[in-house]
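Morning, everyone. Please pull up the sequence and the model on your screens.

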Amino acid sequence: MGTDAFQEADIVGITMPVTKHSFLVKDAADIPGAIAAAFEIASTGRPGPVLVDITKDAQQDIVPFIWPPKVELPGYRPVTKAHGKQIQAAATLLAEAKKPVLYVGGGVIRGRASDELRILAESTGAPVVTTLMARGAFPDSHPQHLGMPGMHGTVPAVLALQEADLIVSLGARFDDRVTGKVALFAPNAKVVHVDIDPAEISKIRTADVPIVGDVRDVLVDLDTAFRSTVSSDGPDTDEWWSYLDGLKSEFPLGFAPTSDGLLSPQHVIQRIGELTGPEAVYAAGVGQHQMWAAQFIKYERPNSWLNSGGAGTMGYSVPAAMGAKVAEPDRVVWSIDGDGCFQMTNQELATCVINNIPIKVAIINNSSLGMVRQWQTLFYDGRHSNTDLNTGAGTVRIPDFVKLGEAYGCLAIRVEKEDEVDAAIQLALETNDRPVLIDFVVSADAMVWPMVPQGVSNSYVQYARDHAPAFEQED
């Protein structure tokens, strides 16, 4: 080490910013302890990846096997039990709030706290919004669910947060895609911020009641404290719900037929969800197809939706779907991918065929890097620089995804007409002896709506609703 030998790289240094912890093991006797410590760190507190870098000489050495090793992690003491006074303070705010919102993040899924969330939601009667990482943490069919907040969230979810007088943040981090311009986010709301990672508390929005603890335990304690605090009539939120129900009726998610004769991507994704059902697992890449999959598939249970969230990892969908299928082989697993994302990891179809991992891959093929193209259309006067691909409609397709899928040993189908969509999905669902790839050739002009532009207040939604007909959803 340190001589610039063949393929030498400071792997620990390189990975430190993207791991929870990194170990460098130089002595073979230290391997068991490092592995045990890695699992302890990765699976406790806020879950996260841990790297164990083992030098070549340590890998080749011979030492006695001793298990379990002694694990010493000085300074690592995750807090899981929240302070009782903070719980009571949050319960009092919930009991007094006229416009409360439960702002649910991916921590609820990581903390396996969906059942406890539902109990608290029904106790309080508060509306629930689930972030991109929390889709499925609360059933879409539940009457208290307003949908996904944020840049491409539903109008009711965006305005509920913006106009709330109390936001109870549960395992969420006030991401910029949710808040819009932070200084103007939810100006009249008090904030209860629950997170197992103290570094997240008040990092972006100052919490009036900070609560560090395991979200499942906090939800149980908070529900108990709320029930003992609230009056027999419960919180007076009738006027709040009247307003929100009006928004739900006025602004349902929808989409318009395409003008170029190609498939509507929203329709394709919606039919995948409807024909497959909520027991499946759906993994998405990054871009327009990711947002449409979050919007138009109904999620009823946790861990049914996999995506890379704020990391924005193109190429994520196929490997994530593979992992889900191996973990739960009896479930149907869909990789919903874009033609750009798919070309980053499509070679893993070989792994699927060789190892009998029969995932279903739906390529939402608009022959472009769709989300970047949408921004270029809306904010850069339609200057489509380096976003138009050559994968979809036309006589020449580079690559031809059907031929590519067949070369890897998959059942490969191309769908270009709306009356072919359902049959292709049904054939995919009936085929379980190999992976299935469906090339859905969709319109490049379809956009993700609604949309709050970057860097503006979420009040833009209200302003646009009142003053700008062009903002209205495609319905």
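I'll go through salt bridges, surface patches, one helix, and a few backbone details.

First, a caution. This is a predicted model. Please keep that in mind throughout.

Let's start with salt bridges. The count comes to 22. I'll pick out a few.

Find R373. This arginine sits in helix α16. Is R373 buried or exposed? It is buried, because its relative accessible area is 13%, and the cut-off for buried is under 20%.

Now look at the partners of R373. One is D388, and the closest N and O atoms of that pair are 3.0 Å apart. D388 lies in the loop between α16, residues 370-379, and α17, residues 401-407. The two residues are 15 apart, and the pair links distant parts of the chain. D388 has 46% relative accessibility, so it counts as partly exposed.

Another partner of R373 is D445. Here the closest N and O atoms are 3.6 Å apart. Where is D445? It lies in the loop between β14, residues 436-441, and α19, residues 460-467. R373 is in helix α16, so this salt bridge ties together parts that are 72 residues apart in sequence. D445 is partly exposed, because its relative accessibility is 47%.

So R373 is a buried arginine, with a salt bridge to D388 and a salt bridge to D445.

There is also a network. Salt bridges with shared partners join R46, D197, E200 and K203.

Next pair: R177 and D176. They form a salt bridge, with the closest N and O atoms 2.7 Å apart. R177 is partly exposed, at 36% relative accessible area. D176 also counts as partly exposed, at 42%.

On to the surface patches. Which residues form the negative one? They are D27, D30, D57 and D61. Take D61 as the example. D61 is in the loop between α3, residues 56-60, and α4, residues 84-96. Its relative accessibility is 47%, so D61 counts as partly exposed.

There is a nonpolar patch as well. L378, F379 and Y380 form it on the surface. Together they have about 270 Å² of accessible area. L378 is in helix α16, the helix that also holds R373. L378 counts as partly exposed, because its relative accessibility is 33%.

Now one helix in more detail: α18, residues 421-430. Which of its residues are buried? V421, A424, I425, A428 and L429 are. They cover an arc of only 135° around the axis, which puts them on the same side of α18. Turn the helix around. The face away from the buried side carries the exposed residues A423 and E430.

Two spacings to check on your screens. Q288 is in helix α12, residues 288-296. Q288 counts as buried, because its relative accessibility is 4%. Q288 and Q266 are 22 residues apart along the chain, and their C-alpha atoms are separated by 9.7 Å.

Then L306, in strand β10, residues 305-306. L306 is partly exposed, at 22% relative accessibility. L306 and H193 are 113 residues apart along the chain. How far apart are their C-alpha atoms? The separation is 24 Å.

Last, the backbone. Start with cis peptide bonds. One joins W67 and P68, with omega about 0°. P68 is in the loop between α3 and α4, where we also found D61. Another cis bond runs from W449 to P450, with omega near -5°. P450 is in the loop between β14 and α19. That is the loop with D445.

Now positive phi. S367 is not a glycine, yet its phi is positive, at about 55°. S367 is in the loop between β12, residues 360-365, and α16. S367 counts as buried, because its relative accessibility is 15%.

N386 has a positive phi too, near 60°, and is a residue other than glycine. N386 is in the loop between α16 and α17, along with D388. Is N386 buried or exposed? N386 counts as exposed, because its relative accessibility is 70%.

That's the tour. Over to you.

Note on methods:
Residues are numbered from 1 along each chain as its sequence is written. This is a predicted model: local features need pLDDT of at least 70, side-chain atom pairs count only at pLDDT 80 or more; totals for chains, interfaces and linings use all residues. Side-chain values use heavy atoms; hydrogens and water are left out. Patches are made of residues with over 30% relative accessible area and no salt bridge: like charges are joined within 9 Å, nonpolar side chains (Val, Leu, Ile, Met, Phe, Trp, Tyr) within 5 Å. Accessible areas come from the Shrake-Rupley method with a 1.4 Å probe; for residues, only the protein chains shown count as cover. A salt bridge is a side-chain nitrogen of Lys or Arg within 4 Å of a carboxyl oxygen of Asp or Glu. Lys and Arg count as positive and Asp and Glu as negative; His and the chain ends are not counted. The place of a charge is taken as NZ of Lys, CZ of Arg, CG of Asp or CD of Glu. Helices (H or I, at least four residues) and strands (E, at least two) are DSSP runs, numbered from the N terminus. Buried means under 20% relative accessible area, exposed over 50%, partly exposed in between (1.4 Å probe, protein chains only). The arc is that of the directions from the helix axis to the C-beta atoms.
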